[in-house]
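Thank you all for coming; I would like to spend a few minutes on aromatic contacts and then on internal space. Please have a look at the model first.

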Amino acid sequence: MANPSPGNSITLRVAAPSSFTATSELAAAVAAAGAAVTALDVTESHHDTLVVDVTCNTTDEDHANRVKDALNALDGVTVQHVSDRTFLMHLGGKLEVVPKVALRNRDDLSRAYTPGVARVCLAIAEDPAAARNLTVKRNTIAVLTDGSAVLGLGNIGPAAALPVMEGKAALFKQFANVDAWPVCLDTQDTEEIIMIAKAMAPVYGGINLEDIAAPRCFEIEKRLRDELDIPVFHDDQHGTAIVTLAALVNALRVVDKKLSEVKIVVSGVGAAGSAIIQLLKAQGAQHIVAAGRSGAIHSGEKYDDEHRSWIAANTNEAGFSGTLHEALKGADVFIGVSAPHVIGEEQVASMAEDAIVFAMANPTPEIDPVIASKHAAVVATGRSDFPNQINNVLAFPGFFRGLLDAGASDIIPEMLVAAAEAIANRVADDELNASYIIPSVFDPHVAADVAAAVANAANANARKQQTQAAGAL
């Protein structure tokens, strides 16, 4: 399934004989090697030589080397240098701290720092809630990880997780103007993570937990939500669930089926799978079978962790105990948040008519989407190089924007549903089709719509709590 991707983009600096056909010959050689040419720039022109920067998308490092060899094989052509554009983007990191105020003279310094800052410190000491208005807390969150479940790479540790957390922070700023900072902890001890998060909480208006392995992530989120007065959101769980629900709502509109009636098979019962199942159940899904590595989760089996036990008690009402492949027979919907290539063409062909396949394992899906589309009516992945990208960036920037705007301290199911509805509604009736069930991550309205929906849900919850408190007096 490997397709050339911008994630494996390279620029080759090539010296070639000067001629009118030089650039077209270079482009033809790159294309023949299976890469996708995205730019040709003549950087130097001499009487006998052209120096050309050839930029193209490849599939991996080996493919990049084959492209280099193909160019070197041309008469008179020499590849002088190869640059990996992804690594170049990450040089020195992707974030910086920029002051919001100008420090032009002594007067400015006296207000921003000593002696004037002491007055602000004392005001906060007298009223700690004032920190939200008088510090970065108003618009800043922590993107916190222990590096134990990074993307599809596994337990690679906090330092290796940092590029992902930097990218996450950049997305928060780009899409919702939320200031976020990576916090990569060199511990995978649950109690230590909770202790550190609590100790640093005064700086932040919220915490986005990221890439923490299950089942540890469940305990960390629950404890922090109980013990902190700022919202704590595990994006791998709830962000994924929000966007999955939004996509499924629209996919079901395409095939004219109802959530309460369809049979849904979920592959993967970790953080994402558990949250997806809970949100689908809350929205009225009645027929869900979840499968882990050893087959379907069912009530006839005992499970060590409470999340699998909950799934066993609340899904698979028929007590099906077979394999994932067997579960897919006659299913209307497949949702994969598991591992590459766990199903094949035969399994998709065995599904119900007008089936829906969400193969969201990243970077390699549960099935090649091209193969799945031979039999399924709607196919979606987590990748940006196929239609229907189910990507958490549609949810988490706007979600935290709404939390911060509302000054929310709790996250409730109504917020998750409101966010999903806001995302789904960005696809108009005249736009909806099998290849467009979810808006683009670059739709400029998505984050604002999600933020407004979440803030409204938060404010409604606050009013409800006030009413209940008044009634108790």
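How many aromatic pairs does a search of the whole structure find? The search finds five, where rings of Phe, Tyr and Trp (its six-membered ring) pair if their centres lie within 6.5 Å, and planes under 30 degrees apart count as stacked, over 60 as edge-to-face and the rest as tilted. Before going on, I should say that this is a predicted model, in which local features need pLDDT of at least 70 and side-chain atom pairs count only at pLDDT 80 or more, while totals for chains, interfaces and linings use all residues. Residues are numbered from 1 along each chain as its sequence is written, and side-chain values use heavy atoms, with hydrogens and water left out.

Take F175 and F442: their ring centres are 6.0 Å apart and their planes stand at 50 degrees, so this pair is tilted. F175 belongs to helix α7 (residues 158-176) and F442 to the loop between α17 (413-424) and α18 (446-472), helices being DSSP runs of H or I with at least four residues, so the pair ties together parts 267 residues apart in sequence.

Elsewhere, F172, F233, F396, F399 and F400 form one aromatic cluster. The charged end of K168 sits over the ring of F396, 4.0 Å from its centre (the criterion being NZ of Lys or CZ of Arg within 6 Å of the ring centre and within 35 degrees of the ring normal).

F175 returns in the lining of the largest cavity, together with V393, L394, P397, G398, V441, D443, V446 and A447. Here a cavity is a set of points on a 1 Å grid over the protein atoms alone where a 1.4 Å probe fits but cannot get out, and lining residues have an atom within 4 Å of a point.

Technical notes. Helices (H or I, at least four residues) and strands (E, at least two) are DSSP runs, numbered from the N terminus. On a 1 Å grid over the protein atoms alone, a cavity is a set of points where a 1.4 Å probe fits but cannot get out, and a pocket is an open set with protein on both sides within 12 Å along at least five of seven lines; lining residues have an atom within 4 Å of a point.
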